[in-house]
Amino acid sequence: MALAPGASKISIRQTLNILDGPFRSVAVGVAEDRYAFWLGSGISFGKVDGLKKIIPRVIEFMRQRIDRADANCAVASALNRALALAGLSDEEWARVNTGVEFSTWPDRAAIVTRLTNNYARLLEITVAGQPEDYLLWEGVGIAATFANPAIEPDVEHLCMAMLVLEGAASDIATANWDGLVEKAIDELTGGVPKLVVCVRSEDLRQPKLTAQLIKFHGCAVLAVSDEAHYRPFLVARFSQINRWAAALENRAVIGRLTDIAVSKPTLMMGLSAQDSNIQAFFASAEATMRWPWPGDRPSFVFSGDQVGADQEALLRNVYPQVYTAATRDQINEQSLVKSYANPLLMALLLSVICDKLSGMVELVEGTLDPDGKNAIKQGIVSLRNHLSSLDNGDRLEFVKSFADQTSRIMTMFRDGSAGTAPRRYNPLTSTPLHQIAGDQNIPSTGLAEVAVMAGVLGIGIETGVWALEGVDPSDPSAGIVRVQTATASTKMVLAAHGRAAIRLQQNGHIVDDEDAVLVYSAEKPPTMTRSPRSSPGRTGHLGLREVSMYDLLQATTSSAELMQLFREEAAI
């Protein structure tokens, strides 16, 4: 049997296999908003500089500011203390030349590597006459590096934002200073407030929104815009990390984090957990209320290639009684999703939407029997897998296209208008999976029938009856998808009800003499008025076919009957 790819090379489709298999309980837990997301610098890799770039910048920052005429130069002294942290040998000290750029130093790579694991002590170094955070604020360049408005969200930030909007990620904690998750949500909502950002204790008093993001190491964006209140909360120096848990000003935020840590399982992405304050925090949370192992789902899940020493230390702290030589390997295996945040978050998003659609199948009115409903649910999974396979290399473009296309489909379905780019993201629902069954609004929205239609499309793919072709979202006349059979390619459009269908026609999304299928969720209304743009007489086309999923569900008991009747009415 072929070995599974590593976490850095795994595809979205392969990650879905993991979520459907050994980590199914995690996938359902995310869909039910049971997990708290803990995000680290790994999710912003490539968008903001990591330590491998920051450390050389800090060294060069000091080197450039040395006053060579001053034998007691404070900056030169600080640089010497920084190099001492790197543990230079006598030979390496002899090769240090502060008269040339750090990038040309022969031992540059070794110095950066050693200081990477000592970054907090590096930033702890003070320069006489300068603020305590001088090397952090000026040397690292907080404003240009982490609060740069030109930096755009990446795959991880956009997927995290969509999970928030789907009601699957209401509690997020991060050590990151950048504002890319917040920016992604702003882009996908058109600036509609959905996220409460908390850095200081006072921030916890803000009105509740869809989700809360606790930035327990500070926020660069807020520190730049409101320096007096937020600059002191940027945590990076060794003393700050050690003092974090005991600091009076952090007590309320830590209390909120503790509440999250004991009430929700933890899903960590891009967070090494090496900082002592994070290790101590989870040990303290365990003392408040212990998570059982084994439980109904993994209580601590890491996204990555392996459980490293820092992750093992955390697991040892949170499972102090059961993390033994006999159970260690099993706990490690059950705690590691071998997929980095980039594919995992997109796979989770697809899984959440798929599970919501499957849940809605149970809400449809009609005579479809349990086996028929199960077949429809499997068809939804097949459609999900088909969508995941469209990721052909440019994942950022894939994620952006997914957000745009799904938003276009939902606005056309609900309102009869495709809107204009950039479109706001339209979640399937803003509530988590477990609330769908009790949502009294869903039956009137037509979403349950859309779920059945998604299953029908998936069954067609799975059985080879048809293939699906994408459409150009910038073309107003394009439908939501084209259904390709051996003999034809047919445009398909969804409408919740007659009003949406009329608006689809008014906005040029359908024309009544074109070869297309208009699928209603509700009962089929009276025949639509002929469009004044339609051609008179016979055209040689089948013309617009109108199909009601509601009507079909009243006339069928099995998925096979449903498929046959749909194909007959849609002439596909």
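**Entry 1: ground rules**

I began with accessibility: buried means under 20% relative accessible area, exposed means over 50%, and partly exposed is in between, using a 1.4 Å probe and protein chains only. This is a predicted model, in which local features need pLDDT of at least 70 and side-chain atom pairs count only at pLDDT 80 or more, while totals for chains, interfaces and linings use all residues. Residues are numbered from 1 along each chain as its sequence is written, and side-chain values use heavy atoms, with hydrogens and water left out.

I also noted how elements get their names: helices (H or I, at least four residues) and strands (E, at least two) are DSSP runs, numbered from the N terminus.

**Entry 2: salt bridges**

Side chains of opposite charge can pair when their charged atoms come close. I used this cut-off for a salt bridge: a side-chain nitrogen of Lys or Arg within 4 Å of a carboxyl oxygen of Asp or Glu. How many salt bridges does a search of the whole structure find? The search gives 29.

I looked up R384 and D20, whose side chains form a salt bridge at 2.6 Å, N to O. R384 sits in helix α19 (residues 370-388) and D20 in helix α1 (residues 12-20), so this pair ties together parts that are 364 residues apart in sequence. R384 counts as buried at 5% relative accessibility, whereas D20 is partly exposed at 35%.

Next I turned to K183 and E152, which meet in a salt bridge at 3.4 Å, N to O. K183 belongs to helix α10 (residues 180-189) and E152 to the loop between α8 (134-146) and α9 (155-165), so the pair ties together parts 31 residues apart in sequence. K183 is partly exposed, with a relative accessible area of 21%, and E152 is partly exposed too, with 36%.

My third pair was R243 and E249, joined by a salt bridge at 2.8 Å, N to O. R243 is partly exposed at 46% relative accessibility, and E249 is partly exposed at 36%. I then found a network: D33, D171, R256, D259 and K264 are joined by salt bridges that share partners.

**Entry 3: a sheet of five strands**

I moved on to an open sheet with mixed pairing, its five strands in the order β8-β9-β10-β11-β12. Two strands pair if DSSP finds at least two bridges between them. Which strands are at the edges? They are β8 (467-469) and β12, each pairing on one side only.

At one edge, β8 pairs with strand β9 (residues 481-484) in the antiparallel sense over three bridges. Here L468 has V483 in β9 as its bridge partner.

At the other edge, strand β11 (residues 516-520) pairs with β12 in the parallel sense over five bridges. Here V517 has R545 in β12 as its bridge partner. I checked the cover of β12 (residues 544-548) as well: five of its five residues are buried. L544, E546 and S548 point one way from β12, while R545 and V547 point the other way.

**Entry 4: two helices that meet**

For angles, I noted that axes are lines fitted to C-alpha atoms, for helices over the stretch in contact, and that angles run from 0 to 180 degrees between N-to-C directions. Helix α22 (residues 447-463) and helix α25 (residues 559-570) pack at about 90°, with axes 11 Å apart. That makes α22 roughly perpendicular to α25 (65 to 115 degrees).

Contact means heavy atoms within 4.5 Å. Which residues of α22 meet α25? V452, M453, V456, I459 and G460 do, and they meet S559, L562, M563 and F566. By class, I found seven nonpolar, two polar and no charged residues in this contact. In this scheme Ala, Val, Leu, Ile, Met, Phe, Trp, Tyr, Cys and Pro count as nonpolar, Asp, Glu, Lys and Arg as charged, and the others, Gly among them, as polar.

**Entry 5: R200 and H229**

Last, I visited R200, in the loop between β3 (195-198) and β4 (211-215). Is R200 buried or exposed? At 16% relative accessibility, R200 counts as buried. Leaving aside neighbours within four places in sequence, R200 is in contact with H229, Y230, F233 and V253.

I followed H229 to helix α12 (residues 227-230), where H229 is partly exposed at 40% relative accessibility. H229 and R121 are 108 residues apart in sequence and 24 Å apart in space, C-alpha to C-alpha.

Notes: Parallel < 35°, antiparallel > 145°, perpendicular 65-115°, else oblique.
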